[in-house]
Amino acid sequence: MTRTAVAPDAALTTAVDPARALAFYQGAPRSLAQFLCDVADVAALWPPRAPILNACADRYHFMVGLAAAAAAGRMTVLPATHAVEIIKSLHARMPDMHCLADGDFPVALPIVRFPRLAPAGRVHRAPPVPRIPLDRPVVTVFTSGTTGVPVGHVKTWGSLVASAHAEAARLGLDDGPAWSLVATVPPQHMYGLESSVMLSLHGRALAHHGRPFYPEDIAGALAAVPRPRLLVTSPVHLRALLTSAAAVPPLDAVLCATAPLPRALAEEAEQRLHAPLHEIYGATEAGQVATRRPTQSDLWTLFPGLVLEARDASFVVHGGHVETPAALGDIIEPSGPREFRLHGRGTDIVNVAGKRSSIAFLEQQLLAIPGVLDGAFYMPDEDLAGPVARLTAFVVAPGLTAAAIETALRARLDPVFLPRPLILVDALPRLATGKLPLSAMHQLLASRTRQAGGGRG
């Protein structure tokens, strides 16, 4: 019996035609040949052996920087936030770290400025497509801190490529016409890295270089690229888009992640955007794990090769592109060997007066109130709450009073889960992915506590 040899490396991209477009950059397609020249130009700027914090806001700049670092054997460092204290802590651990930036950066690190790229045009001679060892560690992605202190997880080139191929096959982006891809999430986040950058390198997707935030900007980015169009987004951005008056160009698919969507919101999105909506479930520790079509089923289907295994009081995923078994922090109910339901995070369950609920359920009820644009529940620690912890809610609801929101919640929730206090705020300190770190909510409540009851709410 002959064993099939496994290739020890993989190409930087599956694209082979030098004229094939890989992305949309500054109003024009960027070809493979131009991309390879851009990668070579940036790679020439690298300091010896230094890890690279890729802080590029432009998605194409980020993709070029990631490719240049991976090909040169440099580790790319991807914190979930560029908060000053987080970056200072990273720099203390990696004193030789440099920052690749295409704009201002808040910390005094050694900076590699992203160069001005040559305009789109014909390339007479492009470098060959680099091949990268599958076992080469290429990125360290940090968790968002929504459940505590951010933790870094190393990903090899082989795991990223295998993940991209699995996602492209699941979404139908592995063959046929190229799709235009507009993403509202940053490429520094695991979801943005996998579902925008790696899909462009190893799928039939051409990422738009921008990172639109406001609904009008999202509509403008979509209008700037041809069909078929894929919008890669989060529940926060999707909800804002649906409540706006922005004229959204025709879409062909929507991909959403970072938190499961309520079915009603998914149905509204498909009706309003006239496109199927898919969700991805994953974690920084494992990368993407499963997908579902929430308007058709509440079951998630694992990616090929992945195995979900109960260990102690949690579930671990391994196999496929997940090289190291990773514990998942969610409450999971298996439904056969390939499917499962989610019931919120293990840290999401709160117990008040002997009654249990999940933060996710409470927030769904809050966000269902007409006029509430954003909101989050938080169970503070004893240092803020005193000996009796009480649920707190931060709510963005221009035009509503705290009393009106409390009345609406009373009709939806058991009285023990009514927030005390309910604090009206102008905006929540969300990360670019839409997530809310525990530290941000802790600081927000601490600030309100210091004000001794002053302000709104």
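This is a walk through a predicted model, taking its sheets, helices and a few individual residues in turn.

Let us start with the sheet of eleven strands. This sheet is open, its pairing is mixed, and its strands come in the order 3-2-12-11-13-14-15-16-17-22-21. At the edges stand strand 3 (28–31) and strand 21 (330–334); each has a single partner strand, so one side of each is left without a neighbour in the sheet. If you ignore direction, neighbouring strands here are turned by 35° against each other on average.

Within that order, a good pair to pick out on your screen is strand 13 (residues 229–233) and strand 14 (residues 253–256). They run parallel and are joined by four bridges. To find the register, look for T233, which stands opposite C256 in strand 14. Two helices that pack on this sheet are worth following next. Helix 2 (residues 59–72) touches strand 2 (21–25), strand 3, strand 11 (179–183) and strand 12 (205–208), and its direction makes about 140° with that of strand 2. Helix 7 (residues 235–242) touches strand 13, strand 14 and strand 15 (277–283), with its direction at about 120° to that of strand 13.

Now move along to T295, which sits in the loop between strand 16 (287–292) and strand 17 (300–302). Is this loop residue buried or exposed? With a relative accessible area of 15%, T295 falls under the 20% cut-off and therefore counts as buried. Leaving aside neighbours within four places in sequence, T295 is in contact with R263, A266, E267 and E270. With E270 there is also a polar contact between the two side chains, at 3.2 Å.

The next stop is strand 6 (residues 98–101), which has a partner strand in each of two pairings. Strand 4 (residues 52–54) pairs with strand 6 in the parallel sense over three bridges, and strand 6 is in turn joined to strand 7 (residues 111–113) by three bridges, again running parallel. L100 appears in both pairings: L100 is the bridge partner of N54, and V112 in strand 7 is the bridge partner of L100. In a regular strand the side chains alternate between the two faces of the sheet. In strand 6 both faces are covered: H98 and L100 lie on one side, C99 and A101 on the other, and all of them are buried.

C99 brings us to the cysteines. How many disulfides does the structure hold? There are zero. C37 is in no disulfide, and the nearest cysteine sulfur, in C56, is 18 Å away. For C99 the closest cysteine sulfur is also that of C56, but the 7.8 Å between them is too far for a bond, because a disulfide needs the two sulfur atoms within 2.5 Å. C99 itself counts as buried, with 0% relative accessibility.

Two further helices let you check geometry against expectation. Helix 4 (residues 157–171) has 15 residues and reaches 21 Å from its first C-alpha to its last, close to the 21 Å expected at 1.5 Å a residue. Its buried residues are W157, G158, S159, L160, V161, S163, A164, A166, E167 and A168. After helix 4 comes G172, with a positive phi near 75°. Helix 5 (residues 190–202) gives another result: its 13 residues put the end C-alpha atoms only 16 Å apart, short of the 18 Å that a straight helix would reach. Since 13 of the 13 residues of helix 5 are buried, this helix is largely enclosed by the rest of the structure.

We finish with another open sheet, this one of three strands in the order 25-26-27 and with mixed pairing. Strand 25 (374–378) and strand 27 (422–424) are its edge strands, each pairing on one side only. From one strand to the next the twist averages 15°. Strand 25 pairs with strand 26 (residues 392–396) over five bridges in the antiparallel sense, and within that pairing G375 has V395 as its bridge partner in strand 26. Helices pack on this sheet too. Helix 9 (residues 359–367) touches strand 25 and strand 26, and its direction makes about 150° with that of strand 25. Helix 11 (residues 402–410) touches strand 25, strand 26 and strand 27, its direction making about 135° with that of strand 27.

Terms used. Residues numbered from 1 in each chain as written. Predicted model: local features only at pLDDT ≥ 70, side-chain atom pairs only at ≥ 80, totals over all residues. Heavy atoms only, no water. Expected span 1.5 Å × (residues − 1). Buried < 20%, exposed > 50% of the residue type's maximum accessible area, 1.4 Å probe, protein only. Pairing = 2+ DSSP bridges. Axes fitted to C-alpha atoms, helices over the stretch in contact; angles between N-to-C directions. Contact = heavy atoms within 4.5 Å. Polar contact = N/O pair within 3.5 Å; in protein donor to acceptor, adjacent residues only side chain to side chain.
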